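Please look over the sequence and the model shown here before reading on. The paragraphs after them are meant as a guided walk for someone who has not met this structure before.

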Amino acid sequence: MEEINDGNLGQVRHVVLVLSGKGGVGKSTITTELALALKHAGKKVGILDVDLCGPSIPRMLSMGRPDVHQCDSGWVPVYTDTQKSLALMSIGFLLEDPDEAVVWRGPKKTALIGQFVSDVAWGELDVLLVDTPPGTSDEHLAVLENLKKHRVDGAILVTTPQAVSTGDVRREITFCKKTGVRILGIVENMSGFVCPHCSECSNVFSKGGGEELAKMTGSVFLGCVPLDPLLSASIEEGRDFTQSFPDSATFSAISSISQTLLNSLQTD
Amino acid sequence: MNRINLLGFTYLRASRKGLFTFYVQIKRSVDSKALQERQRQQMARGLPKQKPIPGVKQVIVVASGKGGVGKSTTAVNLALGLMANDMSKSVGLLDADVFGPSIPKLMNLKGNPELSDNNRMIPLTNYGVPCMSMGFLVDDVAPIVWRGLMVMSGIEKLLRQVDWGSLDYLVVDMPPGTGDVQLSITQNIPIAGAVIVSTPQDIALLDARRGAEMFKKVNVPVLGLVQNMSVFQCPKCNHETHIFGSDGARQLADTLGVTFLGDIPLHITIRETSDRGQPVVISSPNSPEAAAYRTVASAVVQRLQTVSS
């Protein structure tokens, strides 16, 4: 079993968790956009969606409900393109009914996540991004325990600027410190809304909370991503935002975050 | 296929073509209905018994399935809205979001709860609403890293070991997801109804739909759907932008056959007052945002009356 374990993650160069603590801050959105940005930068990327109750990634990448095939080393991840540059595994692919509610207690979730980590034949990947649900519970512990045998490069923390969010993310930061997960940086999402009509910037969800949190906890601040209706619409429709709106401020924010991330991974 | 009856077991043997496919069908001599009843009793062992919280007349859960759609903000303003609509009602607020307790911040409450004479925790009160949250029991920055079983026991304490006194309504702010907390609460106490909050975007509605389905599975009536962050009006030019899409929740309510309880706009005042711990229903009672919450509160009361009759 040990060999198979290493075999499946053995060719994955970097593993990055995308955490928050707070729900609805844009973990899945940021994971998807970072994955697309890295893919366009020529990297081979994988996304592991361990949000069993609310798997959003298949929808964001317009993946529909493909069959999941098995091979000798386990499940074959679903690829978004023929070049196999973006691989994805999510419980969304394993449910018979896409609207089915997954009402499971901890032990069952832990078991499935164990399988997702060790029994998916990822093959050769530059970066594996792990999208997590909000909180600090079974899913997070299961992911960390199963990834212990393989190295976790670190975690990106996503927050919105407002106090209710940063409060929860502070707890998540403590969680990372206690479990020995390196914090690669904090992303402040939904940071400011620019009115498409008059260009006035309104801080709907406040501003600066993420940056302040980074300073307070001594973490790297990766950048702000604005609240952009074009991004929400792209995500809704499963379109590639990085291809559709390469000139937007949102795109440059995401590119800069992905570049900073790559640099910090490569300096290891 | 040949059938052989041997010691009460029925075997189906392969056909004359030589295919050795064996099917074993176990046929018990007991009645299958009694068997099902026995199985049901065995499954129910180990599950908590559903007991109402003494003194609390009706429990309303505010849930979603999706994180960050505004459950806590809605729960807080709903509780205050229920009181604002009818001053004779007493309302309590229970923060069941064990991992990310937001109620202390939203209600501007801090500190450890004291114990009553019978060793129950006394809820902290602000704006006339007694509140209990995991946030009062742990440090601000401490993560609550609990597996499912601990969560079950934590939730039991929040439900049973709190001196709620006499309440007309107990509003429970649920965490996102459809897991241990939701199951523990629905199995532990009778719930009058669930309010599901969602933003208009499909990604949130997918999860809200799962949330609604979960409540159906555990026989909790769904009072209706609230569409939060429905539209943003630019403070400078008043141009309206549907940042998170438009009317998706209203359409989902139609599809699921549940009542549409109301629209709450994405207004900067709601966030500002939330961050300050002065919920908008209290701090700006004449604003359209406060009115929106009070509309939802009256719709909830109407639905409760329909559901209980």
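What follows goes from a pair of helices to two sets of annotated residues.

The model is a predicted one, and a convenient place to begin is helix 4 of chain A, which runs over residues 106-118. This helix has 13 residues and reaches 18 Å from its first C-alpha to its last, close to the 18 Å expected at 1.5 Å a residue. Among its buried residues are Leu112(A) and Phe116(A), together with Gly106(A), Lys109(A) and Ile113(A).

Helix 4 of chain A has a partner in helix 5 of chain A, residues 138-147, and the axes of the two come within 9 Å and cross at roughly 35°. The crossing of these two helices is right-handed. On the side of helix 4, the residues that take part include Gly106(A), Lys109(A), Ile113(A) and Val117(A), while helix 5 contributes, among others, Asp138(A), Ala142(A), Val143(A) and Leu147(A). Sorted by class, this contact between helix 4 and helix 5 has five nonpolar, five polar and three charged residues.

The next stop is a stretch of chain A that carries an annotation. An unreviewed UniProt entry gives the label "binding site" to Gly21(A), Lys22(A), Gly23(A), Gly24(A), Val25(A), Gly26(A), Lys27(A) and Ser28(A). Within this group, Gly23(A) sits in the loop between strand 1 and helix 2 of chain A, whereas Lys27(A) belongs to helix 2. Gly23(A) has a relative accessible area of 8%, which means that it counts as buried, and Lys27(A), with a value of 7%, is buried as well. Residues up to four places away in sequence aside, Gly23(A) touches Pro134(A) and also Gly67(B) and Gly68(B) of chain B. With the same kind of neighbours left out, the contacts of Lys27(A) include Val18(A), Asp131(A), Thr132(A), Pro134(A) and Val158(A).

A further "binding site" annotation, again from an unreviewed UniProt entry, covers Cys195(A) and Cys198(A). Cys195(A) is placed in the loop between strand 10 (193-194) and strand 11 (201-202) of chain A, and Cys198(A) lies in the loop between strand 10 and strand 11 too. Are these cysteines buried or partly exposed? Cys195(A) is buried because its relative accessible area is 1%, while Cys198(A), at 23% relative accessibility, counts as partly exposed. Apart from neighbours within four places in sequence, Cys195(A) is in contact with Glu200(A), and with Cys234(B), Cys237(B) and His239(B). For Cys198(A), under that exclusion, the contacts are Cys234(B), Lys236(B) and Cys237(B).

Terms used: Residues are numbered from 1 along each chain as its sequence is written. Chains are lettered from A and ligands numbered from 1 in the order in which they are written. This is a predicted model: local features need pLDDT of at least 70, side-chain atom pairs count only at pLDDT 80 or more; totals for chains, interfaces and linings use all residues. Side-chain values use heavy atoms; hydrogens and water are left out. Axes are lines fitted to C-alpha atoms, for helices over the stretch in contact, and angles run from 0 to 180 degrees between N-to-C directions. Helices (H or I, at least four residues) and strands (E, at least two) are DSSP runs, numbered from the N terminus. A crossing is left-handed if the near helix is turned anticlockwise from the far one by less than a right angle, and right-handed if clockwise. Contact means heavy atoms within 4.5 Å. Ala, Val, Leu, Ile, Met, Phe, Trp, Tyr, Cys and Pro count as nonpolar, Asp, Glu, Lys and Arg as charged, and the others, Gly among them, as polar. The expected span of a helix is 1.5 Å times one less than its number of residues. Buried means under 20% relative accessible area, exposed over 50%, partly exposed in between (1.4 Å probe, protein chains only). UniProt positions are given in the numbering used here, feature names are shortened, and annotations may be inferred rather than shown by experiment.
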